[in-house]
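Let's walk through this model together, going from single residues to helix packing and back again. Please keep the viewer open as you read.

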Amino acid sequence: MVALPRILRADWREGSSLPVWLVFAGIFLAGWLVVGVHGGQFVTVANLQNMLQRCVALGLVTVGQSMCVLAGSLDLSVAYVVSVAAMTASVTMTGDPARVPLGVAAALGAGALAGLAGGLVVTRLLVNPFIATYGIALILRGALNATFDNFAGKVPDSFQSLGYDAIAGVPVSLFLLAAVAAGAWYLMHRTRFGYHVYAVGGDAEAARLSGVRPRRILVSVHVLSGLCAATSGVFLVSRLGSGAPWVGPDGGYDLESIAAVVLGGIALSGGKGRLLGPLAAVAMLAVVDSVFNFFQANPFLRTLVRGVVIIGAVALYAYRDRERS
């Protein structure tokens, strides 16, 4: 295989997630101050655990979404993949501890198949990723609504330790997110596959001329996105005790994950950004939610503030790119 041009490798190395984490630190301190001024306690074990738990479901979906966006694609099916995985795991386990491995494998398999379908529609039928994955989302939604209208299945009580237990005060589920994020980070920033993802996202035609197969890369990142979304569904069903067809859409994981990707500094055009930045954005959103919950703010106001923050972040990144050019 022909080596990638140096300019593509340079593009891959550009950017850092450190500024995003510094912004997160600033938002955390601001939240601590605002809550403290109003007589509340922000930095407590219970509140910190709650914020960490909030990061897990969205964080898992965001890791997969980040890989898609870095390759120049997008996945709007993730919310319904979460629901499909949750239902699959719950119905397969039927409360039997011996069926936990089978339930988890079935859920991950369902997520991988959904991602594969989206990737093939994008690469073989040449449908825009936005339309292709939205179409997959509608198919999954129709299948869920035709099959289930309420909670179904049950996970064993022992499996719920994933959603509720903690080790030395740290939620067990956070270790799951850390493991997935570490694996994705290594894949994207220390392997040939990662170089190829950045190359395809930066300029698919140049990558193709350099020996990369853009179609294979795009299908792969969609499968990875489906696996990450399915992992999130497995985590959520461990908290609920049984699957619910609305768990993914009600969480808004499709648009929330895209928002986290943008806030984390990854360019929606692809090829620029670092994988850890969006995780900092997920933590930011968890802190903002915690502050709003303390003040029992109107949920519509929370949505408004998030919209303003996202638009501001996109405008800031666009201004920075113009200055660099």
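Leaving aside its neighbours within four places in sequence, which residues is Leu116 in contact with? The answer is a pair of valines, Val219 and Val223. Keep in mind as we go that this is a predicted model. Leu116 itself belongs to helix H5, and its relative accessible area of 32% makes it partly exposed, because that value lies between the 20% and 50% cut-offs. For a sense of scale, try picking Arg54 as well: Leu116 and Arg54 are 62 residues apart along the chain, and their C-alpha atoms are separated by 28 Å.

Now for the helices themselves. Two packed helices are described by the angle between their axes and the distance between the axes. H5 packs with helix H11, residues 214-240, at an angle of about 150°, and the two axes are 7 Å apart. The crossing of H5 and H11 is right-handed. The residues of this contact divide into 13 nonpolar, eight polar and two charged.

A second pair makes a good companion to look at. The axes of helix H3 (residues 45-70) and helix H13 (residues 253-263) come within 8 Å and cross at roughly 65°. H3 is therefore roughly perpendicular to H13. This crossing of H3 and H13 is right-handed. On the H3 side the contact involves Ala57, Leu58, Val61, Thr62, Gln65, Ser66 and Val69, while H13 brings Tyr253, Asp254, Glu256, Ser257, Ile258, Ala260 and Val261. By character, the residues of the contact of H3 with H13 are eight nonpolar, four polar and two charged.

Two residues from that list lead us to another helix. Leu285, found in helix H14 (residues 276-295), touches Leu58 and Glu256 as well as Leu263 and Arg306, not counting residues up to four places away in sequence. Is Leu285 buried or exposed? Leu285 is buried, because its relative accessible area is 9%, under the 20% cut-off. Its C-alpha lies 26 Å from that of Pro129, a residue 156 positions away in sequence.

Next, the cysteines. How many disulfides does the count come to? The count is zero. Cys55 is in no disulfide, and the nearest cysteine sulfur, which belongs to Cys228, is 16 Å away. For Cys228, the closest cysteine sulfur is the one in Cys68, at 9.2 Å; that is too far for a bond, because a disulfide needs the two sulfurs within 2.5 Å. Both Cys55 and Cys228 are buried, with relative accessible areas of 9% for Cys55 and 8% for Cys228.

Finally, have a look at two backbone angles in the loops. Thr94 has a positive phi of about 45° although it is not a glycine, and Thr94 is found in the loop between helix H4 (78-93) and helix H5 (100-124). Beyond H5, the loop between H5 and helix H6 (129-147) holds Leu126. Phi of Leu126 is near 55°, again a positive value in a residue other than glycine. Leu126 counts as exposed because its relative accessible area is 64%, over the 50% cut-off.

Note on methods
Residues numbered from 1 in each chain as written. Predicted model: local features only at pLDDT ≥ 70, side-chain atom pairs only at ≥ 80, totals over all residues. Heavy atoms only, no water. Helix = DSSP H or I, 4+ residues; strand = E, 2+ residues; numbered from the N terminus. Buried < 20%, exposed > 50% of the residue type's maximum accessible area, 1.4 Å probe, protein only. Contact = heavy atoms within 4.5 Å. Axes fitted to C-alpha atoms, helices over the stretch in contact; angles between N-to-C directions. Parallel < 35°, antiparallel > 145°, perpendicular 65-115°, else oblique. Left-handed = near helix turned anticlockwise from the far one by under 90°. Nonpolar A, V, L, I, M, F, W, Y, C, P; charged D, E, K, R; others polar.
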